[in-house]
Amino acid sequence: MDYDIAAYGEQRPDYDSMDWALRHDQEEASAFLAGLAPGGSALELGVGTGRVAFPLARRGLKVAGIEGSPTMAAQLEGKRDGESVEVLIGDFADVKVASAVDLIYCISETFFLLPSQESQLRCIRNAAARLTDRGRFVIQATVPDHALFCSTQSTLTRNVGPQGAIVAARRHDRAEQRVEVQNIVIRGRENTFYPMHYRYVWPSELDLMAKLAGLDLVSRSGGWRDEPYTASGSYVAVYGKN
Ligand SMILES: C[S@@+](CC[C@H](N)C(=O)[O-])C[C@H]1O[C@@H](n2cnc3c(N)ncnc32)[C@H](O)[C@@H]1O
């Protein structure tokens, strides 16, 4: 399968209005992240429209972001309100930045958008190489749930209302840990499609990739408010150099 880094953003020119697809956790996320590197430097991998990067900059960090989609970067530029968030266009697996960073973070399951184990491991190795000695690498992801799939497919109804519905059709490749998704927004007689592919990673695989990159798990919690980790749903993992 060809991997087009810009495609995700091109298919979502109205990202911030996709309420059903967004996490609404920017204040909790930025408070947690700011606490890991007070007044320091931060880099977001897959910064998108700056949903968390802007509030983090307002908390006094020097924030930059890597983004593969010029369409997403343009949406970020349109939201600027005096905050300084530098955007670098490129593949976040390469983590190309000029100097060492105190905090590198990848949230909203964006890490899963890297298409292969090879690119995911490369990303963590590059992130580790660009962290300061006491720096932190943070991933927000979810524990995969195979029960959602009947055989290798599933259909998930995300939203139902008098004007339409939002349905996700998904195919699962169990060997490659890959899922192909078509999110279909049905409104009246119109359908809008928001496709995506992802490669999920088990928490244990993530820890192993980090270990191979010279990083140890510092903490894993169930959310930004240090909720207990329950081995299901969303979690936040923090890594540091070993
Ligand atoms: C799910 S969105 C999350 C955006 C933002 N982090 C947030 O939490 O709102 C994923 C973002 O990562 C970008 N992206 C996906 N793969 C990428 C890659 N390999 N390199 C750079 N950006 C990528 C997409 O274009 C999109 O902006």
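Here are a few friendly questions and answers about this predicted model.

Me: In what order do the strands of the open sheet lie?
Reply: Let's start with the sheet, which is built from 4 strands with antiparallel pairing. Strands β6 (153-161) and β9 (190-199) are its edges, as each pairs on one side only. Read across, the order is β6-β7-β8-β9.

Me: By how many degrees are neighbouring strands of this sheet turned against each other on average?
Reply: The strands in question are the neighbours in the order β6-β7-β8-β9. With direction ignored, the average turn between them is 15°.

Me: Which residue in β9 stands opposite I186?
Reply: I186 falls within strand β8, which covers residues 178-187. Strand β8 pairs with β9 in the antiparallel sense over 10 bridges. Across from I186, in β9, is N191.

Me: Which residue places a polar side-chain atom 2.8 Å from an oxygen atom of the ligand?
Reply: Now to the ligand, where E44, G46, R51, E67 and S108 are the closest residues. G46 has a backbone N or O atom 2.8 Å from a nitrogen atom of the ligand, and G68 has a backbone N or O atom 2.9 Å from a nitrogen atom of the ligand. The side-chain contact to an oxygen atom comes from R51.

Me: How much of the ligand's accessible area does the protein cover?
Reply: The ligand is surrounded by 21 residues, and this shell divides into 10 nonpolar, 7 polar and 4 charged. On its own, the ligand has 600 Å² of accessible area. The share of it that the protein covers is 97%.

Conventions: Residues numbered from 1 in each chain as written. Predicted model: local features only at pLDDT ≥ 70, side-chain atom pairs only at ≥ 80, totals over all residues. Heavy atoms only, no water. Pairing = 2+ DSSP bridges. Helix = DSSP H or I, 4+ residues; strand = E, 2+ residues; numbered from the N terminus. Axes fitted to C-alpha atoms, helices over the stretch in contact; angles between N-to-C directions. Near = heavy atom within 4 Å. Polar contact = N/O pair within 3.5 Å; in protein donor to acceptor, adjacent residues only side chain to side chain. Areas by Shrake-Rupley, 256 points an atom, 1.4 Å probe, with all protein chains shown as cover. Nonpolar A, V, L, I, M, F, W, Y, C, P; charged D, E, K, R; others polar.
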